[in-house]
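Open the model in your viewer and keep the selection panel at hand. The stops below begin with one pair of helices and end with the whole chain.

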Amino acid sequence: AVVSTQSTGMVAKAGGAEVLITDISEDRLAMARELGADHVHHVTSREGRRVAEDIVKEWGGYADLTIECTGVEASVHCGLWATKPGGSYVQVGYGKAEINFPIVAVGIREIDIHGIFRYANCYPEALKLVEKGAVDVKKLITHRFPLNEAMKAFEMTKSGAGVKVVIDCDK
């Protein structure tokens, strides 16, 4: 599976998938490695098709399943072009309401596309994975802030510096 967030990658890995994580941040990729990603790819281009070609070369093939978690147009293109013909692509992330989309390539390559609204109906299974220790979500928390510093937490999240930023409301 090619995925674009650490938490989704952890779940895919718990399900037995070989996982490749893509990101523009070296820090996030380092965390992905620590969390068990089999492969990581540092994205340095906004040309999704070119990034996909690099991934396919590095990985030695196309992904059976791609889970795109950003909604960024270049990332969507990358995910679609990195998915094998006849493979599946899942759109989790949401960016702009409308983007340029390679519809002919998707049709010719017979890629199955699935949309999901922020993991709807997945919580029971996700909680089971956490409960049995298959996924350690605490490792995703990179920063904590007390409630009176909530604006700092939001600013950090907006900057992309943290993976999961927690605001402690009980302090």
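Select helix H3 (residues 48–59) and helix H4 (residues 73–82): their axes come within 7 Å and cross at roughly 40°. Axes here are lines fitted to C-alpha atoms over the stretch in contact, with angles from 0 to 180 degrees between N-to-C directions. H3 is therefore oblique to H4, a term for angles that are not under 35 degrees, over 145 or from 65 to 115.

This is a predicted model, in which local features need pLDDT of at least 70, side-chain atom pairs count only at pLDDT 80 or more, and totals for chains, interfaces and linings use all residues. Residues are numbered from 1 along each chain as its sequence is written, and side-chain values use heavy atoms, with hydrogens and water left out.

Next, show the side chains between the two helices. From H3, select Gly-48, Arg-49, Val-51, Ala-52, Ile-55 and Val-56; they meet Ala-74, His-77, Cys-78, Trp-81 and Ala-82 of H4, contact being heavy atoms within 4.5 Å. By class, this contact has eight nonpolar, two polar and one charged residues.

Now keep H4 alone. Is H4 mostly covered or mostly open? Mostly covered: nine of its ten residues are buried, that is, under 20% relative accessible area with a 1.4 Å probe, protein chains only. Around H4, add H3, strand E4 (63–68), strand E5 (83–91), helix H5 (103–108) and strand E6 (112–115), against which its buried residues pack.

Finally, zoom out. The protein has seven helices and eight strands, and 41% of its 171 residues count as buried. Its C-alpha atoms fill a box of roughly 55 × 35 × 30 Å along the principal axes.

Notes
Helix = DSSP H or I, 4+ residues; strand = E, 2+ residues; numbered from the N terminus. Nonpolar A, V, L, I, M, F, W, Y, C, P; charged D, E, K, R; others polar. Buried < 20%, exposed > 50% of the residue type's maximum accessible area, 1.4 Å probe, protein only.
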